[in-house]
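Good morning, and thank you for coming. Please look at the sequence and the structure on the screen while I speak.

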Amino acid sequence: MTEFIKAADLSDIREGKLYPVDIDGEPVCLTKIDGTIYAFSDNCTHISGPLNRGELDGCVITCPLHGARFDITNGKVLRGPARYDLITFPVKIEENSVLVGLPDDE
Ligand code: FES
């Protein structure tokens with residue numbers, strides 16, 4: 001089950017800008033690309049570099065620590081040293097709120 005939690009106001013998320021939030025202790029980064037909002041883990045899968053301080057070029061984020069790259073639309077690793085895909089989260093818009101879906105605790 002996925003629980004959708006308010007992460008930001010719609011107006012907070014700007015095209016091509018990174019917006020870090022903490023959702024129930026989970027560091028999540030939001031951005032908007034071509035009008036679509038994406039949410040992904042703010043922890044690089046290499047050794048947890050803060051991706052919100054990385055560089056976003058189109059849909060590709062580059063980790064500020066050792067340069068791993070991920071496609072933030074699907075989390076795929078595009079360049080090492082990271083070996084594992086990034087966690088991405090579903091996003092819903094309700095009125096002026098951005099909701100992010102986190103898996104329920106089991
Ligand atoms: S922590 Fe991201 S590449 Fe090393």
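I shall begin with the whole chain, then turn to one strand, and finish with individual side chains.

Please keep in mind that this is a predicted model. The protein has 11 strands and 0 helices. If you follow the chain from the N terminus, you therefore meet one β element after another, with the order β-β-β-β-β-β-β-β-β-β-β.

What are the overall dimensions? Along the principal axes, the C-alpha trace spans about 40 × 35 × 20 Å. The radius of gyration is 13 Å, and this agrees with the value near 13 Å that a compact globule of 106 residues would have. Of those 106 residues, 37% are buried. If we take contacts between residues at least 6 apart in sequence, 40% of them join residues at least 24 apart.

Let us now consider strand E11, residues 97–103. Is this strand mostly covered or mostly open? It is mostly covered, with 6 of its 7 residues buried.

Which strands pair with E11? One of them is E1, residues 2–9, which pairs with E11 in the antiparallel sense over 7 bridges. Within this part of the model, serine 97 of E11 stands opposite aspartate 9. Another is E10, residues 91–94, again antiparallel to E11, over 4 bridges. Here valine 91 has valine 100 in E11 as its bridge partner. E10 and E11 form a hairpin with 2 residues between the strands, and in this hairpin glutamate 95 takes a positive phi near 50°.

As general background, side chains in a regular strand alternate between the two faces of the sheet.

I turn next to threonine 31, which is found in strand E3, residues 26–33. Why does threonine 31 count as buried? The reason is that its relative accessibility is 0%, and buried means under 20%. A polar atom of the threonine 31 side chain lies 2.7 Å from the backbone oxygen of lysine 17. Leaving aside residues up to four places away in sequence, threonine 31 touches several others, among them Ile13, Leu18, Tyr38, Phe40, Leu56 and Ile72.

Finally, a word on the aromatic rings. How many aromatic pairs are counted? The count is 0. There is, however, a charge placed over a ring: the charged end of lysine 92 sits over the ring of phenylalanine 4, at 4.3 Å from the centre of that ring.

Thank you for your attention.

Methods: Residues are numbered from 1 along each chain as its sequence is written. This is a predicted model: local features need pLDDT of at least 70, side-chain atom pairs count only at pLDDT 80 or more; totals for chains, interfaces and linings use all residues. Side-chain values use heavy atoms; hydrogens and water are left out. Buried means under 20% relative accessible area, exposed over 50%, partly exposed in between (1.4 Å probe, protein chains only). Two strands pair if DSSP finds at least two bridges between them. A polar contact is a pair of N or O atoms within 3.5 Å; within protein, one must be able to donate a hydrogen and the other to accept it, and residues adjacent in sequence count only if both atoms are side-chain atoms. Contact means heavy atoms within 4.5 Å. Rings of Phe, Tyr and Trp (its six-membered ring) pair if their centres lie within 6.5 Å; planes under 30 degrees apart count as stacked, over 60 as edge-to-face and the rest as tilted. A charge sits over a ring if NZ of Lys or CZ of Arg is within 6 Å of the ring centre and within 35 degrees of the ring normal. The radius of gyration is taken over C-alpha atoms; the globule rule is 2.2 Å times the number of residues to the power 0.38.
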